[in-house]
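Dear colleague,

I am handing over the structure we spoke about, together with some notes on what was found in it. Please have it open beside you as you read.

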Amino acid sequence: MDPTDLTIVAAAAAMRRGEMSALSYAEALLAQAEKAANLNAFIHFDPRQVRDAARAADERKATRPGSLGPLHGVALALKDNLDTAAMPTTGGTPGLRGSRPNRNAAVVQRLLDAGAIAFAKANLHELAYGITNNNAGFGAARNPYDPSRIPGGSSGGVAAAVGARIVPGGIGSDTGGSVRVPAALCGVVGFRPTTGRWPQAGIVPISHTRDTAGPMARSVADCALLDGVVTGSVAAPAVPGLKGLRLGVPRGHFWAPLDGETARLMEEVLARLKDAGAVLIEADIPDVGRLDGEAGFPIALYETVVDLNAYLEEHGSSMRYRELVAQCASPDVKGLLQSLHGEGAIPEAAYRHALDVLRPQLQAAYRDHFRRHDVAAVVFPTTPLPAAPIGDDETVLMNGERVPTFFTFIRNASPGSVAGIPGISLPAALSAAGLPLGLELDAGENADARLLAIAAAVERVLPKISAPKF
């Protein structure tokens, strides 16, 4: 048994049964971290802390075996915008390099209370404001399947660490695709809960309307376990198979344009679902792209200024938004965020229209689509193409043309984020170059448990993605 191949569920069970100790498990993961150090997956990583936490877990099992939580001894990577009292929380930006919160984010505390070990704080696109994880302040995180490629962002460090088998799972945050996109590009599962279902206290923010933390792991069952620990929810009954399950295929916005190879591989995925008995309903979601574009950015850009100032004040920092942004190292992030307190500031009237008129229209479009077509979920490629080369920050090559990197990679994940509905990306294929591609499933608001059950059934018919080689 190679401990690094174990899922969260399997690792927790092995430690509870005494088949391995938390310390021996931690040592195996630490060795894997050393092998994969070139991925630059972490901003803060202290092996001594990991060993100390593992020894404490073993001591607890020896002295209080009845008190073990469902995540006993399981090591998790935490995106470095989640507050941790025992480690710095930098948000991936130089201005917060010395930030030491005095308590854990609510999500982190629930995981630790369940027995998890905080393995490291993971790299991210600076202030979570990007999709490549090419962080000029802390270095680019790299894709475990090809270190010359991006792992996706903004939660790229977590996805790289999970894909590289350094840890079995981790927690990222998702405002417009920042859990699902890196999960897809690194060959792992990434789940975005319904907005508000996971607590947001203690997370460096972008937008309180759109932000949510979410898990990444190597199986749907692992994401469901982490979701249950954080929310206290009970899993939905398992879906025995796909026979008769109605899944929407919204071609208009989500399926074109795609990279040519991605399009071919995703059609093969649809064929697998159909062969397994799924009923595929091809119908567009009207105006989804327009409403996403018109609502999403005014909301996020307006709330960023307000929410970052509130976070800094809550943490007793003497800095405010202007000072924090002035120290940004990544040109893309600095340029955008500096504009928000100048001529590029979002007028309150535009924000209110986006929040009170356009976003409800987008939510209504999703509700109407699920009801009218009687579909349990919609399916589409998580990203229109595989991971781009590191350095393609502004444009990326797709079908022989240069297209905008940011908007291309978030195109499919963003609408569900703005609407606040749950979505999950599953590993679905490998390109000829050996790069992973993800299949996303989105469901209706608060249908999280049902979506996880459906995703587990879909997972069973998808091809298995091989681990990266080092």
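In which loop does Ser155 lie? In this model, which is a predicted one, Ser155 lies in the loop that runs between β5 (139–140) and α5 (156–163). Ser155 counts as buried because its relative accessible area is 0%, where the cut-off for that word is under 20%. The side chain of Ser155 reaches the backbone oxygen of Ser173 at 3.1 Å, and Ser173 also appears among the residues in contact with Ser155 once the neighbours within four places in sequence are left aside. The others in that set are Lys79, Asn123, Asn133, Gly172, Ser178, Val179, Pro182 and Met216.

The loop between β5 and α5 also holds Ser154, and the peptide bond that leads from Gly153 to Ser154 is cis, with omega near 0°. A second cis peptide bond to look at joins Ala256 and Pro257, where omega is about -5°; Pro257 is placed in the loop between α8 (251–254) and α9 (260–275). As background to these bonds and to the backbone angles that follow, most peptide bonds are trans, and most residues other than glycine have a negative phi.

Two residues that are not glycine have a positive phi and may be worth inspecting. Ala128, with a phi of about 65°, is found in the loop between β3 (117–122) and β4 (134–135), and Ala128 is buried, its relative accessible area being 9%. Arg165 likewise has a positive phi of about 65°; Arg165 sits in the loop between α5 and β6 (169–174), and with a relative accessible area of 13% Arg165 is buried too.

Finally, there is a pair of helices to consider. How do α7 and α16 lie relative to one another, roughly parallel or roughly antiparallel? The axes of helix α7 (residues 220–231) and helix α16 (residues 448–461) come within 9 Å and cross at roughly 165°, which means that α7 is roughly antiparallel to α16, since angles over 145 degrees are counted that way. The crossing of α7 and α16 is left-handed. On the α7 side the contact is made by Val220, Ala224 and Asp227, and on the α16 side by Leu452, Ala455, Ala456 and Glu459. Sorted by class, this contact of α7 with α16 has 5 nonpolar residues, 2 charged residues and no polar ones.

With best wishes

Definitions and conventions. Residues numbered from 1 in each chain as written. Predicted model: local features only at pLDDT ≥ 70, side-chain atom pairs only at ≥ 80, totals over all residues. Heavy atoms only, no water. Helix = DSSP H or I, 4+ residues; strand = E, 2+ residues; numbered from the N terminus. Buried < 20%, exposed > 50% of the residue type's maximum accessible area, 1.4 Å probe, protein only. Polar contact = N/O pair within 3.5 Å; in protein donor to acceptor, adjacent residues only side chain to side chain. Contact = heavy atoms within 4.5 Å. Axes fitted to C-alpha atoms, helices over the stretch in contact; angles between N-to-C directions. Parallel < 35°, antiparallel > 145°, perpendicular 65-115°, else oblique. Left-handed = near helix turned anticlockwise from the far one by under 90°. Nonpolar A, V, L, I, M, F, W, Y, C, P; charged D, E, K, R; others polar.
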